[in-house]
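Notebook open, model loaded. I want to jot down how the chains meet and how one sheet is put together.

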Number of protein chains: 2
Amino acid sequence: MSHHKVISLESIRIACRNCSLSSLCLPMGLAPDDVERLDEIVKRTRPLHRGDFLFRDGDRFRSLYVVKTGSVKTFAPSPEGGEQVLGFHLPGEVIGLDAIDKDIHACSAKVLETSAICELPFTRLEELTATIPSLQHQMFRLLSKEIGHDTDMLLLLGKKNAEERLAAFLLSLSKRLHKRGLSATDFYLSMSRHEIGNYLGLAVETVSRLFTRFQDDGLMNVDRKHIQLLDVGMLESLVGGAGQNRRQQQQS
Amino acid sequence: MSHHKVISLESIRIACRNCSLSSLCLPMGLAPDDVERLDEIVKRTRPLHRGDFLFRDGDRFRSLYVVKTGSVKTFAPSPEGGEQVLGFHLPGEVIGLDAIDKDIHACSAKVLETSAICELPFTRLEELTATIPSLQHQMFRLLSKEIGHDTDMLLLLGKKNAEERLAAFLLSLSKRLHKRGLSATDFYLSMSRHEIGNYLGLAVETVSRLFTRFQDDGLMNVDRKHIQLLDVGMLESLVGGAGQNRRQQQQS
DNA sequence: ACCGTCGCTTGATCTGGATCAAGCGAAGAT
DNA sequence: ATCTTCGCTTGATCCAGATCAAGCGACGGT
């Protein structure tokens with residue numbers, strides 16, 4: 001599109017080839033030529049700001065979205081008028097996969113902080129996957145990974161107590177940030193306590209109390225949105241559920 | 001494989017083309033020629049019996065499995081030694097999608113009653129999807145549908161109370177059985193109360209009490225595994241959560 | 001600089017559903 | 001035919017976390 005020499009204002013539009021996320025994102029493991037072809041269908045919009053929507057539930061499904069910088073939350077309306085936060089999405093993560101089937105978005109995606117987003121028109125993407133087997137495989141893996149993640153969340157919501165849930169949440173965030181070259185132990189939360197609680201199936205008050213408790217126990221420092229994990233090992237053992245000896249789980 | 005005229009013992013091995021599930025299963029919407037090609041890679045094993053495993057968590061991922069008749073449950077181990085039931089699978093439903101990414105099964109699949117299962121070696125399936133765009137699309141939809149279903153479960157586990165969960169479970173079962181040509185209001189449960197409770201994040205006792213209550217309220221008849229839904233409309237309104245006026249949900 | 005709102009914390013109380021406990025009937029084992 | 005086990009039900013009690021209530025400090029707007 002831009003055949004000008006002007007690249008200053010185009011700096012936002014980093015090609016996949018030069019994007020630091022290429023190892024986490026769709027291009028992962030693709031041949032350079034194929035990355036190039038993928039790159040051609042990616043739309044890169046101007047940065048979005050806190051509160052902007054990528055799409056709303058009920059919208060026609062047209063594109064997948066990939067977070068380039070910033071963060072996004074997805075949430076589904078519940079029949080009673082409330083909502084369930086389904087996920088917080090970091091750079092390299094793909095959003096909208098659940099809409100391929102019904103062709104209608106069943107959830108909304110809202111930007112949590114100023115973020116750059118790549119848009120992949122799905123019809124064009126499907127044309128590519130049909131001719132690039134490794135990209136097809138990548139898409140299958142991506143979809144499968146999402147299922148695996150949901151499965152983890154089902155286990156979390158179905159079997160874990162408040163303490164285990166929050167510890168798991170913090171560690172998941174920590175790991176994902178670390179993969180993106182950020183500190184695993186010192187980071188800022190882009191979402192509110194309310195959103196964390198909603199995501200984890202807990203009341204805000206419970207989340208707040210647990211932050212306080214974890215801090216008192218020397219597991220972490222909390223200052224507003226600023227988090228420092230002090231004892232990752234202990235947090236991990238909390239998730240394991242060995243915290244207190246809970247009754248042997250039902251074997252159905 | 002069988003070029004004999006003997007078809008009696010081969011009757012189990014119904015080709016996709018003749019299978020009554022073709023409209024629900026992978027072949028859905030495929031051209032007859034393509035169904036034929038798909039059919040060639042399907043392995044049809046002898047019937048499995050209650051308690052048999054399709055695969056166990058930790059197993060290498062090789063194939064997807066489709067229920068032809070009977071039912072299957074999938075469940076994941078939790079670190080404490082318990083397990084979380086992830087789903088109950090009816091004819092036409094595909095199992096194992098979560099393992100494509102990691103190449104290792106993270107959950108186990110166990111047959112709940114005598115069942116016929118089709119096995120689809122994934123490598124061969126991927127070769128097909130690469131040459132049959134409509135099959136590729138079908139696979140994307142299938143994976144996406146699974147994500148959508150998981151999303152529904154997250155909402156259920158995160159926001160709904162015991163009553164709403166059980167009502168939702170019964171209605172989901174009812175709808176799915178109906179799609180398969182069975183009665184929507186009169187059916188047998190192939191899973192135990194324990195398994196239902198585990199799936200819904202509830203104790204067995206709670207499930208049992210709710211069955212009793214629903215029966216007392218004239219919503220259904222329960223006799224052991226035999227279920228008759230008497231007031232589907234009321235069950236639906238229970239799921240909506242309008243049962244009692246619960247506090248307006250958090251908007252995060 | 002001031003104000004109003006909002007997000008967060010902390011304390012007190014309440015409750016849905018878990019846990020504990022006991023018994024019963026059906027299905028499979030010997 | 002009898003025993004044993006297992007799945008289910010029902011009652012009593014308990015508790016993690018929700019809900020209710022109150023205050024506080026940060027931040028955006030004017």
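Through which surface do the copies meet? I checked this first, keeping in mind that the model is predicted. I found that 100% of the interface residues of chain B are also interface residues in chain A, so the copies meet through the same surface.

Next I looked up the superposition. A turn of 180 degrees, with a shift of 0.0 Å along the axis, lays chain B on chain A with an RMSD of 0.0 Å. I noted that as the relation of a two-fold axis.

Then I went to the sheet in chain B. It is an open sheet of four strands, in the order 2-7-4-5, with antiparallel pairing. Which strands stand at the edges? I get strand 2 (53-55) and strand 5 (83-89) of chain B; each has a single partner strand, so one side of each is left without a neighbour in the sheet. From one strand to the next, the twist averages 25 degrees.

I zoomed in on one pair. Strand 4 (residues 72-77) of chain B runs antiparallel to strand 5 of chain B, and six bridges join them. Within this pair, B:Lys73 stands opposite B:Phe88 in strand 5.

Last, I asked which helices pack on the sheet here. Helix 4 (residues 133-159) comes from chain A and touches strand 4 and strand 5 of chain B. Its direction makes about 120 degrees with that of strand 5 of chain B. Helix 6 (residues 193-200) of chain B also touches strand 4 and strand 5 of chain B. For helix 6, I wrote down about 105 degrees to the direction of strand 5 of chain B.

Terms used: Residues are numbered from 1 along each chain as its sequence is written. Chains are lettered from A and ligands numbered from 1 in the order in which they are written. This is a predicted model: local features need pLDDT of at least 70, side-chain atom pairs count only at pLDDT 80 or more; totals for chains, interfaces and linings use all residues. Side-chain values use heavy atoms; hydrogens and water are left out. Two strands pair if DSSP finds at least two bridges between them. Helices (H or I, at least four residues) and strands (E, at least two) are DSSP runs, numbered from the N terminus. Axes are lines fitted to C-alpha atoms, for helices over the stretch in contact, and angles run from 0 to 180 degrees between N-to-C directions. Contact means heavy atoms within 4.5 Å. Copies are superposed by least squares on the C-alpha atoms of residues with pLDDT of at least 70 in both.
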